[in-house]
Amino acid sequence: MYRVLVTDHISSRGLDILNSDPEIDLDYQPEIRWEELLEIIQDYHAIITRSRTPVTEELLERADNLKVVGRAGVGVDNVDLEACSRRGILVVNAPGANTVGAAELTIAHLYTVLRRLHLAHESMMNGEWDRKRFMGEELDGKVVGIIGLGNVGSQVAIRCKAAGATVIAYDPYIPREKGDRLGVEIVDTLEELIKRSDIVTLHCPLTEETRGMIGAKEFEMMKDGVYFINCARGGIVDEDAMYEYMKKGKFAGIGLDVFGKEPPDDRIRRIFEFPNISLSPHIGANTYESQDKVAIKIAQQVIAALKGQFVEAAVNAPFTVTEGFENIKAFLLLAERLGSFLTQYAGGNFKELNVEVRGSIAEHIKPITAYVLKGFLEPILDRPVNIINAPFLAKERGINIVESSREEGLVFKDFIKITVSQNGREHVVGGTAFYGQIPKIMLVDGYWIDIDPEGVILMFENKDVPGVIAKIGEILARHNINIAGFRLGRLEKGKIALGALQLDEKVSDAVLEEINEIPEILKAKQIIL
Ligand SMILES: NC(=O)C1=CN([C@@H]2O[C@H](COP(=O)(O)OP(=O)(O)OC[C@H]3O[C@@H](n4cnc5c(N)ncnc54)[C@H](O)[C@@H]3O)[C@@H](O)[C@H]2O)C=CC1
Ligand SMILES: O=C(O)C(=O)COP(=O)(O)O
């Protein structure tokens with residue numbers, strides 16, 4: 001049974017999904033206080049939040065059983081992603097689900113300030129009828145500058161273009177073709193965007209890079225009489241600088257849904273002195289449609305994550321889940337087992353680990369490496385290791401990961417090879433999955449071999465002379481241990497051979513010692529996969 005705590009208001013459509021799953025025990029506490037949350041978090045396997053609940057180190061320190069953080073929305077700036085990753089906690093969100101809500105609110109703020117609708121409304125409510133006071137501007141013919149052409153930015157672009165505006169965008173992380181598709185000119189610099197725009201609207205996430213990205217320098221470069229809209233995150237803007245430029249008469253209109261501090265404090269509220277400002281309390285995603293979609297998506301993602309199934313919107317996974325991911329499951333299992341095999345066979349104390357992926361699986365090198373690291377670290381660490389924290393734990397242990405991939409196969413069409421080296425000694429393991437389904441270890445150090453990567457494997461190096469297998473067989477038989485499979489590889493007749501026995505049960509240290517005492521045996525080791 002998985003215990004899931006929901007700490008913000010989400011639509012009943014998502015709650016129904018969680019409630020109807022027999023493996024989920026749901027606790028819906030949308031108004032929970034922070035102190036109370038700190039006290040109870042240790043009982044839960046998953047937490048579902050919105051922007052109200054920060055998922056901080058302080059919370060995570062107490063969250064002993066937490067496996068999944070579900071952000072019922074897009075922005076994860078309120079989640080300490082690194083702290084989650086270090087602890088192996090998967091963070092999932094619901095990209096795309098509230099896009100239309102956020103885009104439409106942006107347009108609503110934009111039209112509001114262009115036509116001063118909020119002021120006109122207020123004057124009517126005060127009993128006035130003053131038509132000449134409310135001259136406005138049209139969106140038609142304006143240059144709209146969008147910062148961040150992702151889901152929301154794109155939808156804002158489409159709507160502005162439909163209204164007759166010219167749309168330009170600054171987004172260093174998207175291909176130019178995206179702009180071509182939308183009929184949006186992608187500009188190379190923030191400066192160019194800011195200088196050319198009549199309207200500047202923010203749609204990028206709050207990250208270390210974007211925090212304070214719009215400050216005094218940027219406001220200075222904006223056209224006098226610019227319209228400035230922020231429905232992304234308050235922290236992207238230096239709100240003190242915005243206040244200064246507001247006083248200098250820079251803006252024709254400002255629309256804000258988000259603030260550096262929510263609810264805004266008095267310092268931020270100074271901006272509200274500006275008459276043509278349209279304000280809302282972070283309600284971009286607050287439409288019935290968006291909230292239904294967000295809640296459904298986050299419920300499905302959290303359930304899948306808890307059950308160990310693949311989730312498409314994993315924010316802190318060390319790789320992006322792409323199409324065809326389901327087809328490489330056997331290779332991921334192989335990768336994990338190769339990593340585990342290597343630690344057990346050669347030891348885990350290496351400073352560099354090379355992962356080479358060949359063939360049609362080359363494009364999946366990131367997840368393959370994550371699984372290799374999980375397998376490699378699990379046998380030597382006494383804390384839980386998973387694909388989320390494995391890269392962090394490897395880094396913590398000072399292991400340098402070198403990845404390489406090529407689409408051409410080698411002996412096998414698809415192949416994963418891991419190499420570690422220390423003090424001049426190199427160890428290699430490699431394998432493939434036959435028909436893409438059956439994982440096999442095919443290479444150990446220099447030897448071609450064929451081992452099922454599961455269960456108990458007795459690996460031994462021996463002098464290539466007659467009778468060695470019989471001697472091992474005799475010892476195992478005497479201790480009533482059944483041999484399930486046997487493979488032998490050698491480089492040259494009469495020199496050294498490498499053997500692998502697949503056993504039905506573990507051998508004790510005493511039995512292993514007996515085997516190691518056979519004169520022709522150079523080294524025997526038990527590996528458990
Ligand atoms: N007011 C509200 O209720 C809502 C606010 N949001 C905010 O809007 C943001 C955008 O949402 P989506 O479009 O769904 O996310 P998205 O991930 O689809 O798009 C974000 C875009 O910003 C770009 N970007 C990243 N760093 C950048 C930088 N330094 N300069 C310029 N562009 C940069 C990315 O490349 C991406 O294309 C969210 O991160 C969230 O903070 C989103 C939904 C609702
Ligand atoms: O999805 C986002 O990033 C939002 O800003 C929406 O936030 P909310 O879920 O309404 O607290």
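On the side of helix H6 opposite its buried residues, His121 and Met125 are exposed, while Leu119, Ala120 and Ser123 of this helix, which spans residues 117-125, are buried. These three buried residues cover an arc of only 100° around the axis, which puts them on the same side of H6. The model described here is predicted, and the points below take up helix H6, the surroundings of two ligands, and three buried residues.

**Helix H6**

- An α-helix has 3.6 residues a turn, so residues three or four places apart point the same way.
- Just after H6, the backbone at Gly127 takes a positive phi of about 85°.

**Ligand 1**

- The shell around ligand 1 holds 27 residues, and the closest of them are Asn151, Val152, Asp171, Cys231 and Asp257.
- By class, this shell around ligand 1 divides into 15 nonpolar, eight polar and four charged residues.
- Two of the contacts to ligand 1 come from the backbone: a polar backbone atom of Asn151 is 2.8 Å from an oxygen atom of the ligand, and a backbone N or O atom of Val152 lies 2.8 Å from an oxygen atom of ligand 1.
- From a side chain, a polar atom of Asp257 lies 2.8 Å from a nitrogen atom of ligand 1.
- On its own, ligand 1 has 850 Å² of accessible area, and the protein covers 88% of it.

**Ligand 2**

- Ligand 2 is surrounded by Arg50, Ser51, Arg71, Ala72, Gly73, Val74, Gly75, Asn98, Arg233, His282 and Ala285, a shell that divides into three nonpolar, five polar and three charged residues.
- Side chains approach oxygen atoms of ligand 2 in two places, with a polar atom of Ser51 at 2.3 Å and a polar atom of His282 at 2.7 Å.
- The backbone takes part as well, since a backbone N or O atom of Val74 lies 2.6 Å from an oxygen atom of ligand 2.
- Taken alone, ligand 2 exposes 310 Å², and the protein buries 90% of that area.

**Ala72, a residue of the ligand 2 shell**

- Ala72, which is among the residues surrounding ligand 2, lies in the loop between strand E4 (68-71) and helix H4 (81-86).
- With a relative accessible area of 2%, Ala72 is buried.
- Although Ala72 and Asp8 are 64 residues apart along the chain, their C-alpha atoms are separated by 8.7 Å.
- Leaving aside neighbours within four places in sequence, Ala72 is in contact with Ile10, Ile48, Thr49, Arg50, Val294 and Ile298.

**Pro30, a buried loop residue**

- Pro30 is found in the loop between strand E2 (24-28) and helix H2 (34-40), and it counts as buried because its relative accessibility is 14%, which falls under the 20% limit.
- The C-alpha atoms of Pro30 and Val6 are separated by 6.3 Å, although the two residues are 24 apart along the chain.
- Val6 is also in contact with Pro30, as are Thr7, Asp8, His9 and Arg52, when neighbours within four places in sequence are left aside.

**Lys374, a buried helix residue**

- Lys374 lies in helix H15, which covers residues 365-377, and at 14% relative accessibility this lysine counts as buried.
- Beyond its neighbours within four places in sequence, Lys374 is in contact with Glu336, Val385, Asn386, Ile387 and Ala390.

Methods: Residues numbered from 1 in each chain as written. Chains lettered and ligands numbered in written order. Predicted model: local features only at pLDDT ≥ 70, side-chain atom pairs only at ≥ 80, totals over all residues. Heavy atoms only, no water. Helix = DSSP H or I, 4+ residues; strand = E, 2+ residues; numbered from the N terminus. Buried < 20%, exposed > 50% of the residue type's maximum accessible area, 1.4 Å probe, protein only. Contact = heavy atoms within 4.5 Å. Near = heavy atom within 4 Å. Polar contact = N/O pair within 3.5 Å; in protein donor to acceptor, adjacent residues only side chain to side chain. Areas by Shrake-Rupley, 256 points an atom, 1.4 Å probe, with all protein chains shown as cover. Nonpolar A, V, L, I, M, F, W, Y, C, P; charged D, E, K, R; others polar. Arc of directions from axis to C-beta.
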